[in-house]
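Please read the following account with the sequence and the coordinates side by side. The paragraphs move from the overall make-up to individual helices, loops and residues.

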Amino acid sequence: MAEPQKGNLSDTERQVLQVIASGDVQELAQLLASEEVRVNCLDEYGMTPLMHAAYKGKADMCRLLLQHGADVNCNQHEYGYTALMFAGLSGKTDITSMMLDAGAETDLVNSVGRTAAQMAAFVGQHDCVTVINNFFSRARLEYYTQPQGLEREPKLPPTLAGPLHKIIMTTNLNPVKIVMLVKENPVLVDVAALEKCYQVMDLLCEQCVKQQDMNEVLAMKMHYISCVLQKCLTFLQKRDDKLDALVKSLLRGRDSDGFPQYQEKFIRDCIRKFPYCEATLLQQLVRSIAPVEIGNDPTAFSVLTQALTGQMTFVDADYCATCGEKGADKRCSLCKAVTYCSLMCQKLHWFTHKKICRSLQEQDADLEKDTPRLKELKDDESDLVMETANFLQELCMRAEEKVAAAGGCPVELLGCPSNSVTGPPGTQKSFD
Ligand SMILES: [Zn+2]
Ligand SMILES: [Zn+2]
């Protein structure tokens, strides 16, 4: 069949576009059954029905069009927009995922050289950016479930592919959350299984660095997950209380202010151990984190999350103090200062939160006595968020200049004594 030409639409095809704009999915199904409809027909601007449906945010219609063979990577739009770009612009994460699952290329660019993720970021659809940046096809992981070359066994037992893929796809990089994902799958809570999983993650990390279009973001994520899995492995081997002990270590706050310094040091350490020293992303991360004293903002977690998912962890959402899930809506009833996503998370946190809960209550009471001051704080909240965001950016830039001036591998910056990642030999043990 001839390539569809722009604007060369049959009457039924025009009807298809109208139904996508204002009709329902049943009508669309009837029209698509007609032989007069080419599913990849193009309107005057080079938009396919799938692009229209994605842009309008109609998930059912997108699914139907894909079932009818819509080409997810059609690139005939006058400005080079793809269906994935339209999905990102619509702000619908379900449609964005659907396009990715259907094989949408993430690195295609439009006529001004922007990818779908960049387009979505440009219009403030950060959840879609996150979905795109964190996409990893199940097929790419399943490659390792087949023996390759002379291997007698595959690198990854097929039963582990599902649970591991779920971890890879997480957009919440809180190490506690990742340990929870391991814990919820009995097949993963096993030394041999974790060993295989982290080795495959290391291979994927290498692949992401060495592939033609190097994907440093994905490489860092693979490496980070590998580090968390290795930590789980260590705890499984050495401790009786296993992964619960790891969760406790990650949550335990220091006496002075409850800041979880083991977690902070762990994340810094993961970043520092990234094996490809020349990666730009690594250098950026190190420069953002190295000058920050442990306990101050930004935390390594927020810097890493922003770099890997494009999300600011401190903007417009309540995060669970335990697992970092977004949209946590349960508060500690005593201090009302910390939020949780579930009762389970609150229980997990209590052993350490109880040490500072009272002083948080007192702070709260002080504020209530002084109502004008409370009001003032609220007014300033948005300024604070902006200030923090600006601060983060400035930190990156300043550190970049510093390292450029000094030359050499910025990883060494992390080793400076005031905020050493590994700590003196004596302290390391008490953390593990
Ligand atoms: Zn939680
Ligand atoms: Zn409390």
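**A walk through the predicted model**

Pro298 lies in the loop between α16 (280–289) and α17, where helices (H or I, at least four residues) and strands (E, at least two) are DSSP runs numbered from the N terminus. A cis peptide bond, with omega at about -5 degrees, joins Asp297 to Pro298. Most peptide bonds, by contrast, are trans.

This is a predicted model, in which local features need pLDDT of at least 70 and side-chain atom pairs count only at pLDDT 80 or more, while totals for chains, interfaces and linings use all residues. Residues are numbered from 1 along each chain as its sequence is written, and chains are lettered from A and ligands numbered from 1 in the order in which they are written.

Taken as a whole, the protein has 20 helices and 2 strands. Of its 432 residues, 37% count as buried, a residue being buried if 20 or more other C-beta atoms lie within 10 Å of its own, exposed if 12 or fewer, and partly exposed in between, with C-beta atoms placed from the backbone. Among the contacts with a separation of 6 or more, 64% are made by residues 24 or more positions apart, and two residues are in contact if their C-beta atoms, placed from the backbone, lie within 7 Å.

An unreviewed UniProt entry places the feature "repeat: ANK" at residues 45–77 and 79–111; UniProt positions are given in the numbering used here, feature names are shortened, and annotations may be inferred rather than shown by experiment. Residues 45–77 are 48% helix and 0% strand, and their end C-alpha atoms lie 6 Å apart. For residues 79–111 the figures are 52% helix and 0% strand, with the end C-alpha atoms 5 Å apart.

Further along the chain, helix α15 (residues 261–272) has 12 residues and reaches 16 Å from its first C-alpha to its last, close to the 16 Å expected at 1.5 Å a residue, the expected span being 1.5 Å times one less than the number of residues. Because 9 of the 12 residues of α15 are buried, this helix is largely enclosed by the rest of the structure; the buried residues include Phe266, Cys270 and Arg272. Helix α17 (residues 300–309) packs against α15 at an angle of about 45 degrees, with the axes 8 Å apart, where axes are lines fitted to C-alpha atoms, for helices over the stretch in contact, and angles run from 0 to 180 degrees between N-to-C directions. The two helices, α15 and α17, are therefore oblique to each other; angles under 35 degrees count as roughly parallel, over 145 as roughly antiparallel, 65 to 115 as roughly perpendicular and the rest as oblique. In this packing, Glu264, Ile267, Arg268 and Ile271 of α15 meet Ala300, Phe301 and Leu304 of α17.

The same unreviewed kind of record, from UniProt, lists residues 320–357 as "domain: MYND-type", a span that is 39% helix and 11% strand, with its end C-alpha atoms 16 Å apart. Glu325 is found in the loop between α17 and β1 (330–331) and counts as buried, because 20 C-beta neighbours lie inside 10 Å. Although Glu325 and Asn172 are 153 residues apart in sequence, their C-alpha atoms are 6.5 Å apart in space. Lys336 is found in the loop between β1 and β2 (339–340), and counts as exposed because it has 11 C-beta neighbours inside 10 Å. Lys336 has a positive phi of about 55 degrees although it is not a glycine.
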